[in-house]
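Me: I'd like a close look at one part of this protein, but please start with the overall picture so I don't get lost.

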Amino acid sequence: MSSTGSKQQATSKKNDRKAVDSKLIQRLYVFLKPYNKYLVVALILTLITAYLGPLRPYLTQIAVDDYIAVNDTQGLLRIVILFGFVLIGEFILLVFATYLTRWIGQGALNTLRTTVYAKIQHLHVQFFDKNPIGRLITRTTSDIEALSELLSSGVINIVGDIFRIGFILFFMFSLNWELSLVSLLTLPLLIYATIIFKRLVRIAFLNVRDQIAQLNSFVQEHINGMSIVQIFGQQTREKKRFDEINKAHTDAHIKTVFYFSVFWPIVEMLSSVAMALVIWYGGAKALGDALTFGVLLAFIQYVRLFFMPIRDLSDKFNTLQSALASSERIFDILDTENKIKDHEHPVPIGRPKGKIEFRNVWFRYGENEDYVLKNVSFTLMPGQSMAVVGATGAGKTTIINLVTRFYDIQKGQILIDDVDIKNISLHELRSSFGLVLQENALFSGSILQNITLGNEQIERDYVEEVIKMIEADGFINKLPGKLDYVLHERGASLSMGQRQLICFVRALVYDPAIIILDEATSSVDTETEVLVTNALRKLLKDRTSFIVAHRLSTIQHADVILVMHKGEIRESGRHMDLLEITNGIYRKLYELQYKDQSVVAT
C-alpha cells in the first residue's frame with residue numbers, strides 16, 4: 001500500500017472515530033433529555049462559578065495596585081469584603097451545582113440501566129447462546145456505572161472548565177497582552193501532548209472494558225460450577241487460568257495508569273515552565289516600572305489557575321474515554337436486532353384449544369450447521385399427551401424450543417389451533433404454555449414469589465390448593481414460614497426434588513392450556529417421582545401436553561409417543577404398539593432400561 005493510501009486510511013479511521021464519538025454522545029443525551037430544565041440551571045450555576053474563580057486574581061490586582069500601593073485602608077477593606085462575598089458565592093453555587101448534576105446523572109443512569117435490562121429480557125435465545133452471562137452482567141453493572149461520572153457532572157464540568165479557561169484568558173489579556181502571550185508559550189506543546197495522549201488512552205480503555213467482561217464471565221461460570229471444579233480436583237489448574245485472565249486485566253489497567261503517569265507530570269512541568277516565564281519576563285518589566293506589582297501577582301495566580309482546569313480536563317477525558325468505551329458495548333446490546341419478532345398484525349387466539357401441528361419442519365441452529373430436525377411432521381389433538389423420546393441429540397428438546405418460538409424454523413410450518421405461530425403475538429403464544437425444565441429456575445425470594453412470579457392476580461388460597469393437589473404441601477408446611485419461606489440463591493436450601501415440585505406448582509397456577517415437561521422428572525428421587533406422576537395424571541386431563549423424557553416409566557400412558565433419531569421421526573404410536581415392533585428403536589430403549597423384566601404391558 002502506498003504511503004498516500006495509508007494516510008488516507010488513517011484519516012478515514014480518525015474521522016470514523018470522531019463520528020462514532022459524537023454519535024455516542026448524542027445517544028447518551030437521550031437519557032438526559034427529560035432533565036433539560038435542570039441541566040440548564042446546573043449549566044448556569046457552573047458558568048457563574050467558572051467566572052467567579054478567575055475574578056479573584058483580578059480583585060487581588062486591584063487591591064495591590066489601587067489600594068495597598070497608595071495606602072488606602074478603606075478601599076482595601078471594601079475589596080476584601082467583596083473578595084469574601086465572591087468566595088462565599090462560589091462555595092454556595094458549587095454545592096447546588098454539584099448536587100443537581102449528581103441527581104440528574106443518577107436519574108439518567110436509572111433509566112439507562114432499566115432500558116438495557118428490558119432489552120436483554122426480550123432478546124432471542126440465540127443471543128444468550130453466544131454471549132456469556134458474565135459479559136451481560138458487566139454490561140448492566142460496571143459498564144453502566146462507568147457512565148456515572150460522565151452523566152452526573154462530566155459534560156457540564158467540561159463545559160465549565162472550558163469557560164473557566166476562556167474567562168482566565170479574558171482577564172489576562174485585559175491586564176497585559178504581552179505577558180499573556182509569554183505565559184501561553186508552552187500551550188502548543190500541551191496541545192500536541194494531549195492529542196497523542198487521547199489516541200493512546202482510547203485504545204487502552206477499550207481493552208480495559210474487554211478484560212473486565214472476560215474476568216466477570218470467568219468468575220460467574222466457575223462459581224456456578226464450583227462443585228465440578230472441586231470434585232475433579234481442578235482448583236490449581238483453574239486458579240492458573242484465573243491468574244492469566246486477572247494478569248491481562250491488571251496489565252490493561254496499568255497501561256492506562258502509565259499514560260496518565262506520563263501525561264500529568266508533563267502538564268505540571270509545562271505549568272512550572274509557564275510560571276517561570278511569567279516571573280522572568282514580568283519581573284524584568286516590574287523592575288523597569290513597565291509593569292505593576294499587582295499585575296505580576298495576578299498573572300502568577302492566573303498561570304496556576306489556567307493549568308488547573310487543563311489538568312481537570314485531562315482527568316475528565318479519562319472519564320470520557322472510559323464512558324465512551326462502555327457506551328459502545330451498551331449500545332451494541334441495545335442495537336442487537338431481535339431475531340424472534342412479533343407479527344405486525346398478530347392473530348388473537350385467546351385460550352387455545354390445544355391442537356399442535358408440525359408440517360414438514362426443518363431446523364438448524366446455525367447457518368453452517370447440520371439440520372437438527374429434518375422434515376418433521378405430526379399432529380397433536382386437543383387434550384392429548386405426546387411423549388418424545390430418543391437418544392441424546394435426537395432433537396427432542398429442539399421440538400419444545402420451536403413450539404414456544406425460542407427459535408424460528410427455516411422450512412415448514414408450526415401451527416396452534418390451525419394458526420401459524422409466527423402470526424401469534426409472542427406474549428399470547430407463550431402464555432398458553434406451562435413449562436417445567438430439567439434445570440429448575442428458582443430465584444432469591446419467598447416460595448410464594450417463586451410460584452406467582454409477582455403476578456398479583458394469582459391469589460394465595462389458589463396457590464395453596466394447587467400445592468395440595470400436587471402433594472407438595474408435605475414439605476412446604478414443614479418449612480419455617482411455609483409459603484413465605486425465603487429461598488437462597490437458586491433454591492440451594494432445598495433438595496432437587498423439592499425444587500422441582502415448586503416448579504410444577506408454578507407452571508400449574510397459571511392454568512396453561514398446554515403443559516410442557518422437558519426431562520422434568522429426571523432429577524427427582526423415586527418417591528418424589530411417584531408424587532409428580534400421580535399429580536400429573538389428574539392435572540394433565542383435558543390439557544394438551546408435551547413430555548420429553550429418558551425414563552420410559554413416566555410416558556407409558558401418553559396418547560402418542562414420538563421416537564426421534566438423528567432429527568427424524570422414526571416411530572410413533574402408543575407404548576404397547578411400539579413395543580411390538582421387532583428391532584424397533586423404542587423397544588431397544590425399553591429393554592435397556594428394564595433388562596431384568598420381560599416386555600409386557602403395564
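How many helices and strands are there in the chain? After that, could you take me through helix H11?

Reply: Sure! Keep in mind that this is a predicted model. The chain has 21 helices and twelve strands. Of its 602 residues, 46% are buried. If you take contacts between residues at least 6 apart in sequence, 78% of them join residues at least 24 apart. As for the outside, the accessible surface comes to about 32000 Å², and carbon and sulfur atoms account for 58% of that.

Now for H11, which runs over residues 235–287 and so has 53 residues, with an expected span that follows from 1.5 Å times one less than that number. From its first C-alpha to its last, H11 reaches 75 Å, close to the 78 Å expected. Just after H11 comes Asp289, which takes a positive phi of about 60 degrees.

Let's zoom in on one residue of this helix, Ala248. Ala248 has a relative accessible area of 28%, so it counts as partly exposed: that value falls between the 20% limit for buried and the 50% limit for exposed. Ile212 is 36 residues away from Ala248 along the chain, yet the C-alpha atoms of the two are separated by 9.6 Å.

For a contrast, hop over to helix H3 (residues 73–122), where you'll find Phe91. Phe91 counts as exposed because its relative accessibility is 56%, and exposed means over 50%. Together with Ile88, Ile92, Val95 and Phe96, Phe91 forms a nonpolar patch on the surface, with about 520 Å² of accessible area in total.

Definitions and conventions:
Residues are numbered from 1 along each chain as its sequence is written. This is a predicted model: local features need pLDDT of at least 70, side-chain atom pairs count only at pLDDT 80 or more; totals for chains, interfaces and linings use all residues. Side-chain values use heavy atoms; hydrogens and water are left out. Helices (H or I, at least four residues) and strands (E, at least two) are DSSP runs, numbered from the N terminus. Buried means under 20% relative accessible area, exposed over 50%, partly exposed in between (1.4 Å probe, protein chains only). Contact means heavy atoms within 4.5 Å. Accessible areas come from the Shrake-Rupley method with a 1.4 Å probe; for residues, only the protein chains shown count as cover. Patches are made of residues with over 30% relative accessible area and no salt bridge: like charges are joined within 9 Å, nonpolar side chains (Val, Leu, Ile, Met, Phe, Trp, Tyr) within 5 Å. A salt bridge is a side-chain nitrogen of Lys or Arg within 4 Å of a carboxyl oxygen of Asp or Glu.
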